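Reader: I'd love a close look at one part of this model, the helix and the residue that follows it, and then a walk outward to the sheets. Could you take me through it step by step?

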Amino acid sequence: MKTVLRFEMGKTLFFSFMLLVVGVIAAGQSEQEREKPPTTPRAPSAQVYWNRPTLSPNALAPLPLGSVKPRGWLRRQLQIQADGLTGHLDEFWPDVGPNSGWLGGTGESWERAPYYLDGLVPLAFLLEDERLIAKAKKWVDWTLAHQRADGRIGAELGKGKYATARQESDTWWPNMVMLKVLTQYQEATNEPRVIPVMERYFDYQMKLLDRQPLNEWAEHRWADEVLSIIWLYNRTGNRSLLDLARKLHAQSYDWKAHFADFKYKQKVTKAQENLHSHGVNNAMAIKTSAVWSQISGDESDRTAVHQLLSELDRYHGQANGIFSCDEHYAGLDPAQGTELCTVVEAMFSLEQTFAILGEPMLADRLEKITFNALPATFKKDMWAHQYDQQVNQVMCSVAPRAWTSNGPDSNIFGLEPNFGCCTANMHQGWPKFAASLWMATHEGGLAAVAYAPSRVDARVRGDVEVAILEDTDYPFRDTVRLTVYPAAPVRFRLQVRIPAWAQGATVTVQGTQETNVKPGSFHTLEREWKYGDVVELRFPMALRATGQYRGGVAVNRGPLVFSLLMGEEWKQIKGEPPHADWEVYPTTPWNYGLVIDPGNPDRFLTVKERQVGEMPFSPDGAPVRLIAKGRRIPEWKLVAGSAGPLPPSPVRTQEPEETLTLIPYGCTNLRVTVFPLVPATTGPPSAQAGVGLTAATLHTTRIR
Ligand SMILES: [Zn+2]
């Protein structure tokens, strides 16, 4: 396996460094003197748009695309993505190639180009990468320049691959994705054609919806369009837009009722499969009630997300923070799969839901999925991906597995295993997460929503420009350092999220420790900020053993879940590198039970930290490892290419104790994550497996 990587000292890093150096020797200089303007577009306007009346207020407002820039490991990760499939897919994959219907051609004319752009646009502007910006611009220009006289946008009806679009209603869904592309592009460039094109399109759709109502995908994914409608309404104030949103709602599937009386409590059967049990639809539905609450003003719409997450966790939840769907609800077994589209759509839903509701637990969940399920399902150079990942994934090969509906190639790493939707849709994951790290709060404040090395540029109270540099190796380390650079001393609120797991968290401002820091909340710092003020956060990452399926256990540290490090052999089965298809076979045993005292995980686990390198999400690059004890369970065997049924814990075994290495889930390709418990052969009787893990704690600690 050859990995080609290009690591550059990014512009942002360079500017940040300069800003620090110059800041130290010449505090008080103007913004222009401190930092040269960048050579590529940034957010041209720092204007933040809040919900207008009559919408319910949103708790936070997303910053315009370009306000947050990745640094450190996050920038390297985005560069890996740009050097992998995202930066090159249009060069060889026909579905987003020059013959696409979204470029006027006769090729694919449905969702794939909009999906691709929904990730390419934010990646291009976050990296300020001229090559990628030029690629994205070509597509956006075509859509903006080819709106029909009646307001319709997009590819021609009934042309090209998947030419199922025989009527306008079949285009409602792919157009929803393109609207998200246009709003992001407008924020990054101030492109003047975007808003008029959207206005004409919504007028056109309003006229047609009675005759051409939402159907199929659009009926289940309508909230994604409401995001764009509200985006436009907050800019123009045209109240007829809210009538359009109400009409969409009236024609849509009722997700709130779906979860209020949840009927899918087990892995679904073929006969039960439908668009309601479909994993990606469910991930997109995470946001639906909260999005709608802005128009309905109904408190029960604001709280519905809790019922949704609780039902998904209880019946289909997995240790990596997401739920099983391969590609329908697949139950609690850690050998079931989760589709990549579901992972990135759940992330986007959580980012949007968080902005509306402002509840810290939603950002905890976002981090868990981002730092675990997202990186795990890519080949580490991001030139290949899986359709389905498994929490216990001991072999990736073309073989029939116990999926609900997916094909035999669903868990290999490839260009388009099983079906090409994820090949088109996967790109939005990392860039939208990076863009959502910071958001605006009311009265000109800023909130640190999720943590990763970054820089945010925004206007705060009194329209004063502020840059905040975030230096951290989180989630691999427990400290975050924020350095605040206002253009002039200014008083505003800086809110920092304290993760729910961070017992004993500390917040220090200019060396003075804050009191009343509560995990699971935002801590508010309001003061007059001066150039170079430093906030230091520490989130102690105690090891946590969480109860899982059949009495098994998963090990967590901070937002990271840990998995068995396995030997692996990659076998190319199709295609040409770098975009080939690969099977992955284990070269070391996997059928271990874990020796652990769930009430005191430190007793049998040792933490080893290593430098956060060029590719932190890889087996070799794992920046933190846990040294553990385990014993093999001979009767736990491979069944149909997957780890067989998880033996109920605790498990008796005569096998000797061995030393095991666990690494972050997101660093693995093959892994065991949910372990059966086995007794220690040495140590005090109180250290016997199972001690401290009661049925009650199992229920309350599962999937957090
Ligand atoms: Zn997919």
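Author: Happy to! Let's begin at Glu128, which sits just after helix α5 and takes a positive phi of about 50 degrees. Please keep in mind that this is a predicted model.

Now step back into the helix itself. Helix α5 covers residues 112-127. At 1.5 Å a residue, its 16 residues should span 22 Å, and the end C-alpha atoms lie 23 Å apart, which agrees. Is α5 enclosed or open to the outside? Counting residues under 20% relative accessible area as buried, 16 of the 16 residues of α5 are buried, so the helix is largely enclosed by the rest of the structure.

From there, let's turn to the sheets. One is an open sheet of five strands with mixed pairing, in the order β1-β5-β6-β10-β13. Its edges are held by β1 (60-62) and β13 (521-529); each has a single partner strand, so one side of each is left without a neighbour in the sheet. On average, neighbouring strands of this sheet are turned by 30 degrees against each other, direction ignored. At the β1 edge, three bridges join β1 to strand β5 (residues 438-441), and the two run antiparallel. If you would like a residue to look for there, Leu60 has Thr441 in β5 as its bridge partner. Toward the β13 edge you will meet another helix: α16 (residues 360-376) lies across β10 (490-498) and β13, running at about 60 degrees to β10.

The other open sheet has seven strands, paired antiparallel in the order β2-β7-β8-β9-β14-β11-β12. Here β2 (68-70) and β12 (512-513) stand at the edges, and since each has a single partner strand, one side of each is left without a neighbour in the sheet. The partner of β2 is strand β7 (residues 454-460), with three bridges between them in the antiparallel sense. Within that pair, Pro70 has Ser454 of β7 as its bridge partner.

Last, a hairpin is worth a visit. Strand β18 (residues 568-576) and strand β19 (residues 579-586) pair in the antiparallel sense over eight bridges, and two residues make the connection from β18 to β19. Across this pair, Gln572 stands opposite Trp582 in β19. As you follow these strands along, it helps to recall that in a regular strand the side chains alternate between the two faces of the sheet.

Methods:
Residues are numbered from 1 along each chain as its sequence is written. This is a predicted model: local features need pLDDT of at least 70, side-chain atom pairs count only at pLDDT 80 or more; totals for chains, interfaces and linings use all residues. Side-chain values use heavy atoms; hydrogens and water are left out. Two strands pair if DSSP finds at least two bridges between them. Helices (H or I, at least four residues) and strands (E, at least two) are DSSP runs, numbered from the N terminus. Axes are lines fitted to C-alpha atoms, for helices over the stretch in contact, and angles run from 0 to 180 degrees between N-to-C directions. Contact means heavy atoms within 4.5 Å. The expected span of a helix is 1.5 Å times one less than its number of residues. Buried means under 20% relative accessible area, exposed over 50%, partly exposed in between (1.4 Å probe, protein chains only).
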